[in-house]
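User: I'm new to this one, so could you walk me through it while I look at it?
Analyst: Gladly; please bring it up and ask as we go.
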Amino acid sequence: MQNRVKVVCIGHTTTDNLIKYDGTCRFESTGGAGVYAASGASYWGSDHDVGLVTRLGSSYNQSCIEHIRGHRAINDAGMVPMDKKGIHLWLLYDADGYRHWVIHHDSCSREEATPVPSEIPESYKEARGFHFSPLPLYPLADLINTLPEDAWIQVDPHYEWFFPEYREEWERILRRVSVVLPSEDEFTKFFDIPLAFDIDNYKKHMRELSAMGPPIVVLKMGPQGAILYLKDEDVFYSIPSCAEHVVDVTGAGDSFCGSLLYNYVSGDDIITAAIKGMVGSSITLENTSADENFHVAEGVAMERFRRVEASVREKIKIL
């Protein structure tokens, strides 16, 4: 019998086709932000305490599905097969590393691939924390509203819906949210400010985002790590990356989110949980697909955390 689920990750599965500016290509890779987030949590989990709510397209790699279902940390009760192909994406990289997502013409839509509230198992609703990977705006609101009022909820906004014209909808959603984790690109587009690191301007708007509801705002900064804002203390922390070897950046931010949530609801303070988030991200950066993440041996993440913790803490700054 599986133990009680500690955290739940809710999001898409995708089949990714990657083309980098230097000509590097990788086709038919197993992906999806929901799966990557769950893999980040799984680096620390055990006894099937990580729930995954996702729709499995008919073309999604069956071997990967088997690896996820059989993983020591995953509770698969929320993994629901669907009769559609699923989401297939091109991931196209500019020379400076900027990434574009292009959906295949015969792919199902993001809305079709999004779980509905009835697909969240009742047993999952007792979890300590919930992470929503990027999802269409209105289904996201419905999913959040099906959770208990006191649920600890993380939301990583979807780049297609995190814009000023959706501000009223986000203000309603964020009243229920504990942690919001936009990327720097998404954050600057939402507030219509330049994508150029201006800490005073960023701090102003992180406070504004937190005022909508979340007591914690995490701004994902890619290779630069992350900026944390804690509303109760009105303090900003710069958390550096601890990446050691970068093979593919796909899913690294999602794994950061899953790792952070798992460790925070397990009792770590937010700074320690964020460092462990960076550790989870660094592991994913060394892999080429979500499937590979579920082959990471138990204890690898904790061993790396113990090795890098002191050096990372030395580099943390109060901004």
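User: How much space lies in the largest pocket?
Analyst: About 1,400 Å³ of space lies in the largest pocket, where a pocket is an open set of points on a 1 Å grid over the protein atoms alone, with protein on both sides within 12 Å along at least five of seven lines. A volume here is the space filled by probe spheres set on the points, which are joined across faces, edges and corners. This is a predicted model, in which local features need pLDDT of at least 70 and side-chain atom pairs count only at pLDDT 80 or more, while totals for chains, interfaces and linings use all residues. Residues are numbered from 1 along each chain as its sequence is written, and side-chain values use heavy atoms, with hydrogens and water left out.

User: Which residues lie nearest the centre of that pocket?
Analyst: Of the 48 residues that line the largest pocket, Arg99, Trp101, Ser183, Val249 and Gly253 lie nearest its centre; a lining residue has an atom within 4 Å of a point. The elements giving two or more residues to this lining include strand 8 (99–103), helix 5 (184–190) and helix 7 (252–265), with helices (H or I, at least four residues) and strands (E, at least two) taken as DSSP runs numbered from the N terminus.

User: And how does the lining of the largest pocket split by class?
Analyst: It has 22 nonpolar, 14 polar and 12 charged residues, where Ala, Val, Leu, Ile, Met, Phe, Trp, Tyr, Cys and Pro count as nonpolar, Asp, Glu, Lys and Arg as charged, and the others, Gly among them, as polar.

User: What about closed spaces, how many cavities are there?
Analyst: There are two cavities of 30 Å³ or more, a cavity being a set of points where a 1.4 Å probe fits but cannot get out. The largest cavity holds about 40 Å³ of space, and its lining includes Asp16, Arg26, Tyr36 and Asp248. Strand 2 (14–19) and strand 3 (25–31) each supply at least two residues of that lining, and strand 2 gives the most, with three. The second largest cavity holds about 30 Å³, and among the residues that line it are Thr13, Gly57 and Lys85.

User: Switching topic, is strand 14 buried or exposed?
Analyst: Strand 14 (residues 235–239) is mostly covered, since five of its five residues are buried, meaning under 20% relative accessible area with a 1.4 Å probe and protein chains only. Val235, Tyr237 and Ile239 are on one side, and Phe236 and Ser238 on the other. In a regular strand the side chains alternate between the two faces of the sheet.

User: Which strands pair with strand 14?
Analyst: Strand 13 (residues 226–230) pairs with strand 14 in the antiparallel sense over five bridges, and strand 15 (residues 317–318) runs antiparallel to strand 14, joined by two bridges; pairing requires that DSSP finds at least two bridges between the strands. Tyrosine 229 has phenylalanine 236 as its bridge partner in strand 14, while serine 238 has lysine 317 as its partner in strand 15.

User: Last thing, how many aromatic pairs are there?
Analyst: The count comes to nine aromatic pairs, with rings of Phe, Tyr and Trp (its six-membered ring) pairing if their centres lie within 6.5 Å, and planes under 30 degrees apart counted as stacked, over 60 as edge-to-face and the rest as tilted. One of them joins phenylalanine 187 and phenylalanine 191 edge-to-face, at 5.4 Å centre to centre and 65 degrees between the planes. Phenylalanine 187 and phenylalanine 191 are buried, and they belong to an aromatic cluster that includes Phe162, Trp170 and Tyr202.

Definitions and conventions. Buried < 20%, exposed > 50% of the residue type's maximum accessible area, 1.4 Å probe, protein only.
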